[in-house]
Every structure is written in C-alpha cells, then in structure tokens.
Amino acid sequence: GDDDDEEEYTGPLIRKFYPELVRGHISSAAETYGLGFEVPLLPMGGAAISAGYKITSPREGLHLIHGRLMGSPETRVRWTMNENEVTKGGIYEQPMFAVIVRHVQDQSFTMALKLKATTYGK
C-alpha cells in the first residue's frame, strides 16, 4: 500500500529534557500521636482518673521533581514539583529546566511556559 496520504510531522519535537526525575535529600521528623481521657470520681468534681498513651514515630519526606513527555508527537514536557511533606518548606526556590528541541534549520518556532500552582490547606 501507498501511504502518500500520511504526512510526516516536520514541526519542532522535544528530543531530551531535564530533569526527568530529581529526588531531594531525605528529611525526617518525629510525629507524636496520642489519645487521652479523664473520668471524674465524684459528680461535683474533685479527684479524677486519667489515662492515655502517646506514640512517637519518625516520618521521612523529600522534595520531588518529575518530568514526562506529553503529546503525540512529543511536543510538550510536563514537570510536577512536590514539596517535602514532612518539613512543609515549599518547593525548590530556583529549579532549573532544559529541553533539546529538534526543528528545521532557519525555521522559527514558538516555545511557551505555563505555570500552575496548587496549594492544599491543613
């Protein structure tokens, strides 16, 4: 069969990008969980019995940057940045990104950067 009807894509294509995956330094913090209760011995106050427990366990977290190619043909990169969930210190302040683009020589192309931030309340 003759495939003359299908034209080859000649626009800009992303060949490589950085970073694909960055895992930051692991940070840990102790988290304490507890439960307690108090029962009065006399109806009008006074002495009471109290009981409870506390559990402390370490929790680890890290910064994460993950990139992946998008589209067919591959003309976009999407990076997702996550803060360290333990330290809650935000995302990297000055991340660096790079792409290598294949394009026809002497033919201009447009590149756009779109940022989107999502915050989560406690």
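## Contacts and overall fold

What share of the contacts in the protein with a separation of 6 or more comes from residues 24 or more positions apart? The share is 59%. Keep in mind as you look around that this is a predicted model.

The protein has seven strands and zero helices, so reading from the N terminus gives the order β-β-β-β-β-β-β. The radius of gyration is 27 Å, while the globule rule gives 14 Å for 122 residues; the protein is therefore more spread out than a compact globule. Along the principal axes, the C-alpha trace spans about 95 × 35 × 25 Å.

## Surface and charge

How much of the protein counts as buried? Of the 122 residues, 11% do. The exposed area comes to about 10,900 Å², and carbon and sulfur atoms supply 52% of that area.

On the charge side, there are 13 positive and 16 negative charges in the protein. Their mean positions lie 12 Å apart.

## Strand E5 and its two partners

Strand E5, residues 64-70, is a good place to start browsing the pairing. On one hand, E5 runs antiparallel to strand E2 (residues 21-23), with three bridges joining the two. Here Leu21 has His66 of E5 as its bridge partner.

On the other hand, E5 is joined to strand E6 (residues 76-82) by seven bridges, again in an antiparallel arrangement. Within this pair, Leu64 sits opposite Asn82 of E6. E5 and E6 make a hairpin that has five residues between the strands. In its turn you will find Gly71, with a positive phi of about 90°. The loop between E5 and E6 also holds Pro73, which is linked to Ser72 by a cis peptide bond with omega of about 5°.

## A second cis proline

Which residue is joined to Pro19 by a cis peptide bond? That residue is Tyr18, and omega for the bond is about -5°. Pro19 belongs to the loop that leads from strand E1 (13-18) to E2.

## Ala29 in strand E3

Ala29 is found in strand E3, which covers residues 27-40. Is Ala29 buried, exposed or partly exposed? The relative accessible area of Ala29 is 31%, and because partly exposed covers values between 20% and 50%, Ala29 counts as partly exposed.

Leaving aside residues up to four places away in sequence, Ala29 touches Ser57, Pro58, Arg59 and Val86. If you would like a distance to check, Ala29 and Lys54 are 25 residues apart in sequence, and their C-alpha atoms are 16 Å apart in space.

## Positive phi outside glycine

Two residues deserve a look on your Ramachandran plot. Lys88 is not a glycine, yet it has a positive phi of about 50°. Lys88 is placed in the loop between E6 and strand E7 (98-102), and with a relative accessible area of 49% it is partly exposed.

Asp106 also has a positive phi, of about 65°, although it is not a glycine. You will find Asp106 in the segment after E7. Why does Asp106 count as exposed? Its relative accessibility is 78%, and exposed means over 50%.

Notes. Residues numbered from 1 in each chain as written. Predicted model: local features only at pLDDT ≥ 70, side-chain atom pairs only at ≥ 80, totals over all residues. Heavy atoms only, no water. Helix = DSSP H or I, 4+ residues; strand = E, 2+ residues; numbered from the N terminus. Rg over C-alpha atoms; globule rule 2.2 N^0.38 Å. Buried < 20%, exposed > 50% of the residue type's maximum accessible area, 1.4 Å probe, protein only. Contact = heavy atoms within 4.5 Å. Areas by Shrake-Rupley, 256 points an atom, 1.4 Å probe, with all protein chains shown as cover. Lys, Arg positive; Asp, Glu negative; His and termini not counted. Charge placed at Lys NZ, Arg CZ, Asp CG, Glu CD. Pairing = 2+ DSSP bridges.
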